[in-house]
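Here is a short tour of one protein model. Keep the sequence and the 3D view open while you read.

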Amino acid sequence: MKALKTGHAKLGFGNILGGVASELMLIFGLIALMNPFKVPLGSIMFSGITVFLASIVSILITKKGYITRNNGLFLIGLYLLFIIIEII
């Protein structure tokens with residue numbers, strides 16, 4: 001957050017993405033150590049494609065150098081759509 005407040009949005013954005021990726025790997029690794037599990041290929045494909053598309057959307061939105069409230073609402077809407085599809 002400090003990078004974002006000091007005008008280094010790209011650095012802050014990279015920190016956020018890196019943090020999410022490392023937390024995800026840590027959580028999956030710890031769970032697998034405690035109790036190995038199977039993940040259906042369809043889930044991996046859907047999640048992988050979603051992460052890829054979310055990255056592209058994020059890059060396109062942040063290309064202007066700022067994110068508007070409408071962009072934020074759009075991103076939240078996409079996230080809710082993702083959750084709904086995952087539940088179904």
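A quick bit of vocabulary to begin with: a residue is called buried if its relative accessible area is under 20%, exposed if over 50%, and partly exposed in between, using a 1.4 Å probe and protein chains only. What you are looking at is a predicted model, where local features need pLDDT of at least 70 and side-chain atom pairs count only at pLDDT 80 or more, while totals for chains, interfaces and linings use all residues. Residues are numbered from 1 along each chain as its sequence is written, and side-chain values use heavy atoms, with hydrogens and water left out.

**The overall picture**

The protein has 4 helices and 0 strands, so named from DSSP runs (H or I of at least four residues for helices, E of at least two for strands) numbered from the N terminus. Reading from the N terminus, the order of elements is α-α-α-α. Out of 88 residues, 6% count as buried. The protein exposes about 7600 Å², with 75% of that coming from carbon and sulfur atoms; such areas are worked out by the Shrake-Rupley method with a 1.4 Å probe.

**Two helices side by side**

Two packed helices are described by the angle between their axes and the distance between the axes. Helix H3 covers residues 41-62 and helix H4 covers residues 69-87; they pack at about 175°, with axes 12 Å apart. That makes H3 roughly antiparallel to H4, a label for angles over 145 degrees (under 35 is roughly parallel, 65 to 115 roughly perpendicular, and the rest oblique). The axes here are lines fitted to C-alpha atoms over the stretch in contact, and angles run from 0 to 180 degrees between N-to-C directions.

Which residues do the meeting? On the H3 side they are Phe 46, Ser 47, Thr 50, Val 57 and Ile 61, and on the H4 side Asn 71, Phe 74, Leu 75, Leu 78, Phe 82, Ile 85 and Glu 86. Contact here means heavy atoms within 4.5 Å.

**Aromatic pairs**

Rings of Phe, Tyr and Trp (its six-membered ring) pair if their centres lie within 6.5 Å; planes under 30 degrees apart count as stacked, over 60 as edge-to-face and the rest as tilted. By that rule there are 2 aromatic pairs.

| Pair | Centre to centre | Angle between planes | Type |
|---|---|---|---|
| Phe 28 and Phe 37 | 6.0 Å | 50° | tilted |
| Phe 46 and Phe 82 | 5.7 Å | 5° | stacked |

Phe 46 lies in helix H3 and Phe 82 in helix H4, so their pair ties together parts that are 36 residues apart in sequence. Phe 46 is partly exposed at 29% relative accessible area, and Phe 82 is partly exposed at 23%. In the tilted pair, Phe 28 is partly exposed at 44% and Phe 37 is partly exposed at 39%.

**Around the loop and the start of the contact list**

Ile 67 lies in the loop between H3 and H4. Ile 67 is partly exposed, at 47%. Leaving out neighbours within four places in sequence, Ile 67 is in contact with Ile 61, Thr 62 and Gly 72.

Is Asn 71, in helix H4, buried or exposed? Asn 71 is buried, with a relative accessible area of 14%. Setting aside residues up to four places away in sequence, Asn 71 touches Ile 61, Lys 64 and Tyr 66. The C-alpha atoms of Asn 71 and Ile 61 are 7.0 Å apart, for residues separated by 10 along the chain.
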